[in-house]
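Work through the following exercises on charged side-chain pairs. Each task is followed by a stepwise solution.

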Amino acid sequence: MGDEAREIPFASGVAVLLRAAALRQVGLFDPVLFLYQEDQDLGLRLRLAGWRARLAPRSLVWHRYAFGRNRGKHFWLERNRYLVLAKNLTLRSLLVLAPALAAAEAATLGLALAGGWLGPKLRADLALL
């Protein structure tokens with residue numbers, strides 16, 4: 001690892017430089033994902049189109065952010081997590097990933113129950129149906 005640039009799955013929208021040609025090819029942030037996961041969606045679309053993301057470890061970025069326990073946040077995180085998968089993966093890919101996705105869903109339900117955000121999580125599930 002060290003100071004050498006390396007490939008990563010996708011870049012965080014908080015600190016990213018993108019090629020104009022890449023954005024012309026895959027489009028900009030999806031407005032449906034206006035809050036949370038929009039950078040993951042864009043990164044996945046770029047990767048599926050053949051573009052790669054690289055991390056420059058020696059770069060320095062300040063992002064003023066305070067993690068809050070806003071109950072509404074969990075609704076949007078969960079809703080958009082599913083939308084990103086549904087809009088970018090084929091049915092075949094989703095079927096192959098189904099066991100891992102089911103395990104992740106069970107773990108997320110447990111975390112939501114323990115963390116007090118089960119209601120927003122279930123509302124996100126229902127919203128997607």
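The exercises below treat salt bridges, their place in the chain and their exposure.

This is a predicted model, where local features need pLDDT of at least 70, side-chain atom pairs count only at pLDDT 80 or more, and totals for chains, interfaces and linings use all residues. Residues are numbered from 1 along each chain as its sequence is written, and side-chain values use heavy atoms, with hydrogens and water left out.

**Exercise 1.** Count the salt bridges, then characterise the pair E7 and R47.

Step 1. A salt bridge is a side-chain nitrogen of Lys or Arg within 4 Å of a carboxyl oxygen of Asp or Glu; the count is 10.

Step 2. E7 and R47 form a salt bridge, at 3.0 Å from N to O. E7 sits in strand β1 (residues 6–8) and R47 in helix α2 (residues 38–48), 40 residues apart. Helices (H or I, at least four residues) and strands (E, at least two) are DSSP runs, numbered from the N terminus.

Step 3. Buried means under 20% relative accessible area, exposed over 50%, and partly exposed in between (1.4 Å probe, protein chains only). E7, at 43%, is therefore partly exposed, and R47, at 26%, is partly exposed.

**Exercise 2.** Locate K87 and D41 and classify their exposure.

Step 1. The side chains of K87 and D41 form a salt bridge at 3.1 Å, N to O. K87 belongs to helix α3 (residues 71–88) and D41 to helix α2, so the pair ties together parts 46 residues apart in sequence.

Step 2. K87 has 38% relative accessible area and is partly exposed, whereas D41, at 0%, is buried.
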